[in-house]
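User: I'd like to learn how to read the features of a two-chain model. Could you take me through it step by step?

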Amino acid sequence: MGLYYRIFLKFILTAIGIVLISALPALFDGMKLDISSYISTLMTIASGLMQPFAVTYEHLQTDYFLFPDIWPLWGYSMTLLFVSFIIAFLFALILTFISMIVAGKLRKIIRGILFIGESVPDILVIGLAIMTAILVNKHTNLPFFSIASFGDKQVFILPIIVLTILPTVFFYRSMMYDFEEEISRQYIDVAKSKRLSMYSVLFIHVFRNAIIHIFLHSKSIIWFMLSNLLMIEYAFNIDGLMRFMFMHRSLPVLAIGLLMMFIPIYMMQAIGQIVIEKITGKQVEV
Amino acid sequence: MIIGANFKRLFKHPLFLSGFLFIFLLLAASFSHAIFFHGVIPVTNSLKDSEGLITSFGPFGPLEVPPLGTDEVGRHIFVILIQGAKYTIGISILVAGLRIIISGMIGFLFENYFSKLNQYVSGLVNGFYFIPAALICYFLLVDVIFTSHGEVDGYTILQKMIFQLFVLTIVAIPTNSLLIGNQIHQIYTLEFIQSAKTLGGGRLHILKKHIIPYIFPQLLIQFTQETIKVLVLLIHLGFFHLLFGGTTEQELDESQNAYISISSEWSGMIGNAFTHLTGWSWMFFSVTIFFTLVILAFNLMTKGMEDVFLVDRYKSGKDRKKRQKKITFVGKREDSSFEFIQDSEKQA
């Protein structure tokens, strides 16, 4: 099977999976199984996907068309998600390089702190961020630390900071694992014996080989970030897609919203997969 | 036998032991509070000075009423947390156990009989990676769990609890089944399974004698990881006022609603406490920090188990380095007297 065929097949199957899952709440009428309502909801979602411009959502007892109202929400959520993803990745990379270079004791301390960081629930980070922002607002007059978005004004800094912290920690864990795995390979010994400096070995060879594994691990981090995003949008009152889906509780809206989140993320994964397979010539699964 | 020896080593592992002891002590405190103190929670509504005059009204911070202050109705938060520990930890262990056992069985059946469908099923299941678990759980649970103000509650507490356990379990079954199925698939490709097959071992025999002993430690590790995931999910649902055993909404006054948890489980406090974050911040932080400590304890247990169980199996880079160091160390120490390298390696 060709690479592009696999990517396409996975795209279609995952999209079907998302639709099937998002219709699940219709399967339970209270506590009773209601298969006919599940199927009819699936039909509604399918017809909604055929004609997305006819889908409506209810707001204050009036029906509005979902498109184009959903675009700014989607853009906002996606900006938060991708910016945080990239920052978290870079931060974790820097931290990994630092802890690979520094001596044993300092590395242990960094690892220990980040190990504790793995156990922190995202809600606690949100709470701490809000308290810090209030403190900062009290004592200084920095405008970018506004806590909640009002009306058209969108906040970026604080949500992005919060959405970056925990993914950095998780990225760091998987990076350290892969880097240490990679550095114990024999080619590193060869490189060292050829008097290549530790930095060039680390930055060029180890990094290039480890990044593939890291990319393949990023799926679960993105999943974690999505639920993190939901919490943040809810806590900060952000007009994002996650909160929109959460508030309106309509299954067609849920399905379309989730698919709209899925498509850009999957595109990123697919591009990564293509690049990796072209370079290494191995089949990988994202 | 090997598993038994590993367990002995596990309980000597400092990380595992500290995590395990923390959970154990917390549960012991929780149960003894229920048994010896009949679950009574002390209430401090007002503080009096030495002459018996009321000086201030609650809720009090941790400094006024140690160790963790009181909540809106004056109950001591520390005691509430101790009392609720057995429910929170119990629920998460129960759900995680159910998840692992059920997905283990499904994974095994799937791997043995439907492995040709693997590509298609994994594509469909992949959808779960793009949906926050809290979101889909919220949609599934909200009608049953949440009783708004003035609405008639249609279900008993027990029904709600069972339904919530059911939902929390099934949302993770597809991904976990696939994961365990893939692990079983990898074990089938190992050499000793091949030789067992050649020697005429039947499917059940191989499962009983080879697969299960091999996969058991892995499942144990997955079980603690799953427990952490359930804890986080409980926090998220609690944040949305979906509390275990049902939520009853009550109107305190025009603007405020109170969400009352029917069980005294921890996540019930989070949603309420978050609304008072800026005023009575200790309520929010004490409960989330307790959650963090429990998750940390489970993380420590996971780490300990990984160290003990998986070291012989995947010789990770670190251990290989360690062994190399050991070998050179032995060589250096005894370089005064002549010795074969092979022998020194055996000693190491």
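Analyst: Gladly! Let's begin inside one chain: across the interface of domain 1 of chain A and domain 2 of chain A there is one residue pair in polar contact, with both residues at pLDDT 80 or more. A polar contact here is a pair of N or O atoms within 3.5 Å; within protein, one must be able to donate a hydrogen and the other to accept it, and residues adjacent in sequence count only if both atoms are side-chain atoms. By class, the side of domain 1 of chain A that touches domain 2 of chain A has nine nonpolar residues, five polar and one charged. Nonpolar covers Ala, Val, Leu, Ile, Met, Phe, Trp, Tyr, Cys and Pro, charged covers Asp, Glu, Lys and Arg, and the others, Gly among them, are polar.

User: What should I keep in mind about the model and its numbering?

Analyst: This is a predicted model, in which local features need pLDDT of at least 70 and side-chain atom pairs count only at pLDDT 80 or more, while totals for chains, interfaces and linings use all residues. Residues are numbered from 1 along each chain as its sequence is written, chains are lettered from A and ligands numbered from 1 in the order in which they are written, and side-chain values use heavy atoms, leaving out hydrogens and water.

User: Where do the domains of chain A lie in the sequence?

Analyst: The bounds come from an automatic or database domain assignment. For chain A, domain 1 is 1-50 + 255-286 and domain 2 is 71-248. Their centres, taken over C-alpha atoms, are 26 Å apart. Domain 1 of chain A brings 15 residues to the contact and domain 2 of chain A brings 17, where contact means heavy atoms within 4.5 Å.

User: How is the size of such an interface expressed?

Analyst: It is often given as the accessible area lost when the parts come together. Here, buried area is the accessible area (1.4 Å probe) that two parts lose on being put together, summed over both. Domain 1 and domain 2 of chain A bury about 1,400 Å² between them, with 89% of it on carbon and sulfur atoms. On the domain 1 side, A:Met260, A:Met261 and A:Met268 lose the most area, together 39% of what that side buries.

User: And how much area do chain B and chain A bury between them?

Analyst: Chain B and chain A bury about 5,100 Å², 78% of it on carbon and sulfur atoms. B:Tyr129, B:Phe130 and B:Phe139 supply 15% of the area that chain B buries against chain A, more than any other three residues. In residue terms, 52 residues of chain B are in contact with 54 residues of chain A.

User: How should I read the salt bridges?

Analyst: Side chains of opposite charge can pair when their charged atoms come close. The rule asks for a side-chain nitrogen of Lys or Arg within 4 Å of a carboxyl oxygen of Asp or Glu. Over all chains the structure holds 10 salt bridges. One of them joins A:Glu277 and A:Arg6, whose closest N and O atoms are 3.0 Å apart. That pair links distant parts of the chain, with A:Glu277 in helix 10 (residues 251-280) and A:Arg6 in helix 1 (residues 3-22), 271 residues apart. The domain interface of chain A has zero salt bridges, while the interface of chain B and chain A has one. There, A:Arg249 pairs with B:Asp143, the closest N and O atoms being 3.1 Å apart.

User: Which helix of chain B gives the most to the side that touches chain A?

Analyst: Helices (H or I, at least four residues) and strands (E, at least two) are DSSP runs, numbered from the N terminus. Among the helices of chain B that each supply at least two residues to that side are helix 5 (133-145), helix 9 (203-239) and helix 11 (281-310). Helix 11 of chain B gives the most, with 11 residues. By class, that side of chain B has 32 nonpolar, 14 polar and six charged residues.
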